[in-house]
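Me: I'm new to reading protein models. Could you walk me through one, feature by feature?

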Amino acid sequence: MRSLSRLLLLALLSVVLVGGAVSGLAAYRAGLIEVGELFDAKLAHSARTLRALVDAGLDQADATEHVTPLDISVWSGTASGHGADLATATGHGYETKLAFQAWSADGRLLLRSDSAPTEPLAPLRPGFHERIVGSHNWRSFVLRSDSGRWYVAGEREDVRADISADIALGILAPLLIELPISAVLIWVAIGIGRRALRRVVGEVRSRAVDRLQPLVERDVPEEVFGLVQAINRLLAELDTALQRERRFTADAAHELRTPLAALRVQLANLREAADSSERIRAEQQLERGLMRLERLMIQLLTLSRLEPGVQLPEPQQVDLAELVRDVIAELVDAGQTEGVTVGLRVEGQGQLQGDPLSLSVMSRNLIENAARYAPAPGVVQVIVSESHDGITLQVEDSGPGVPEDERQRVFDRFYRRVGSGVDGSGLGLSIAQRVAQMHGATLTLDRSAALGGLSVSVHFPATGPGKRGGGRVPG
């Protein structure tokens with residue numbers, strides 16, 4: 001597994017090393033140029049100073065052809081070291097490597113320092129020259145006076161090399177010292193940054209399965225803040241899902257208790273039937289109980305599939321009128337509309353974008369619910385209409401309807417009106433409302449002006465060009 005900290009450390013150290021090497025090389029080259037310029041200026045200045053000091057005094061020596069050259073002693077201290085160590089009260093350590101000569105116009109040596117050889121340090125012509133004399137390479141400046149004499153100031157190249165080495169060492173030494181220090185500081189900085197990440201990791205690792213509170217977002221680095229927020233969103237969604245599952249399980253367990261108890265009673269009645277008529281009656285009660293339990297289980301499973309947070313499949317083009325016509329046919333064939341006349345009126349095309357399965361479940365629940373509450377001989381009227389602002393599915397019945405003060409409560413799970421005399425699970429309208437919400441539709445309850453019972457309207461708004469209505473809305 002690759003370590004992000006190690007990668008950052010190596011990357012930053014590489015940047016520091018490469019940057020230091022480039023800057024050190026540039027500084028070294030600039031230092032060599034500057035040192036060369038300073039040394040050349042010093043040579044020229046020394047030659048001019050020598051000419052000004054001794055030119056007049058060499059007239060007599062120059063006039064005598066066989067005069068012995070004058071030797072001038074220079075300081076020969078042994079100062080060593082770097083920087084201030086080379087400068088003492090008696091002189092500078094580099095003085096022993098400086099030399100000068102004076103030559104007559106005809107090439108006779110008139111004067112020299114004891115650090116200079118007896119042969120010329122450079123050709124006797126004005127300007128800067130380089131020449132190997134003995135075992136040393138010399139850099140010299142030659143100057144001619146008005147009297148025709150030549151003055152030479154020279155310096156050994158090893159002096160420049162020593163000073164250049166000192167400059168290079170002075171530049172590279174801090175870089176060499178800086179590298180391990182930078183490594184330590186970078187590692188410490190990365191460690192401080194990792195501390196917040198380790199805290200987040202530790203907090204997640206120590207969480208119990210049922211502890212889904214959000215992570216602390218305080219003092220979290222900006223680079224990790226987005227990750228922490230994403231984890232918190234995931235924890236919130238998981239917490240919502242768990243609460244939803246617990247609530248659904250509790251509701252289902254509570255609601256299943258009654259029909260299961262009723263089945264046990266009906267089974268006992270069947271076993272204890274004294275004659276065939278009691279047995280037939282007990283069998284019919286048991287069959288109705290089983291059908292009620294089956295309907296309840298189907299609706300519970302449907303509701304769990306339509307819980308908030310569950311996404312609909314990709315929407316398809318749905319002919320709502322044709323879908324409702326098929327649902328009515330299925331209910332009639334199954335005997336769910338016995339004693340009730342179910343009519344369908346279509347006004348417009350009724351084309352919308354949605355999930356055919358969930359729309360079929362919604363339509364079945366609305367029509368089946370209306371048929372159960374319409375006393376025989378009852379009437380259920382289903383209308384699919386289209387207008388400029390969308391498509392509407394309307395289901396009306398001739399039943400007792402729902403009082404206005406209870407219309408909001410009927411959407412609650414397992415809510416059943418007291419005294420209605422109709423078996424039901426109290427989930428039909430809850431399922432219908434959830435399907436409508438998932439399609440961006442609006443479900444409303446009202447009194448049927450034509451039949452006197454309940455009127456349920458589901459309006460699918462128009463969603464754009466090419467779509468008659470409906471759409472996909474995440475749960």
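Reply: Sure, we'll begin with the whole chain and then move to its parts. Keep in mind that this is a predicted model.

Me: How many helices and strands are there in the chain?

Reply: The chain has eight helices and 15 strands. Of its 475 residues, 39% count as buried. The accessible surface comes to about 26900 Å², and 57% of that belongs to carbon and sulfur atoms.

Me: What share of the contacts in the chain comes from residues 24 or more positions apart?

Reply: Taking contacts with a separation of 6 or more, residues 24 or more positions apart make up 63% of them.

Me: Which residues have the most contacts inside the largest nonpolar core?

Reply: The general idea is to look for buried nonpolar residues that are joined through their side chains. Here the largest such core has 36 residues, and those with the most contacts inside it are Leu320, Met362, Leu366, Leu393 and Val458. At least two residues of this core come from each of α6, α7, β12, β13, α8, β14 and β15. There is also a second, separate core of 11 residues, which includes Leu121, Ala122, Trp138 and Val142.

Me: What does Leu320 touch, not counting residues up to four places away in sequence?

Reply: Leu320 touches Gly350, Leu352, Val384, Ile391, Leu393 and Phe460 on that count.

Me: Now a helix. How far apart are the end C-alpha atoms of α7?

Reply: First, the general idea: an α-helix has 3.6 residues a turn, so residues three or four places apart point the same way. As for α7, it has 18 residues, and at 1.5 Å a residue they should span 26 Å. The end C-alpha atoms of α7 are 26 Å apart, which agrees.

Me: Is α7 largely enclosed or largely open?

Reply: Count its buried residues, meaning those under 20% relative accessible area. In α7, 14 of the 18 residues are buried, so this helix is largely enclosed by the rest of the structure. You can do the same for a strand: seven of the eight residues of β13 are buried, so β13 is largely enclosed too.

Me: How many bridges join β12 to β13, and which way do they run?

Reply: Eight bridges join β12 to β13, and the two strands run antiparallel. A hairpin links them through two residues. To see one pairing, find Val382, whose bridge partner in β13 is Val395. Next, follow β13 to β15: seven bridges join them, and they also run antiparallel. There, Ile391 stands opposite Phe460 in β15.

Me: Where is Arg149, and is it buried or exposed?

Reply: Arg149 sits in the loop between β7 and β8. At 2% relative accessibility, Arg149 counts as buried. Its side chain reaches the backbone oxygen of Asp55 at 2.7 Å. Leaving out residues up to four places away in sequence, Arg149 touches ten residues' worth of company, including Asp55, Leu58, Asp59, Asp62 and Trp103.

Me: One more loop, please. What is Gly339 in contact with, leaving aside its neighbours within four places in sequence?

Reply: Gly339 lies in the loop between α6 and β10, and its contacts on that basis are Ala376, Pro377 and Gly378. The C-alpha atoms of Gly339 and Ala376 are 4.9 Å apart, although 37 residues separate the two along the chain. With a relative accessible area of 40%, Gly339 is partly exposed.

Notes: Residues numbered from 1 in each chain as written. Predicted model: local features only at pLDDT ≥ 70, side-chain atom pairs only at ≥ 80, totals over all residues. Heavy atoms only, no water. Helix = DSSP H or I, 4+ residues; strand = E, 2+ residues; numbered from the N terminus. Buried < 20%, exposed > 50% of the residue type's maximum accessible area, 1.4 Å probe, protein only. Contact = heavy atoms within 4.5 Å. Core = buried A, V, L, I, M, F, W, Y, C linked by side-chain atoms within 4.5 Å. Expected span 1.5 Å × (residues − 1). Pairing = 2+ DSSP bridges. Areas by Shrake-Rupley, 256 points an atom, 1.4 Å probe, with all protein chains shown as cover. Polar contact = N/O pair within 3.5 Å; in protein donor to acceptor, adjacent residues only side chain to side chain.
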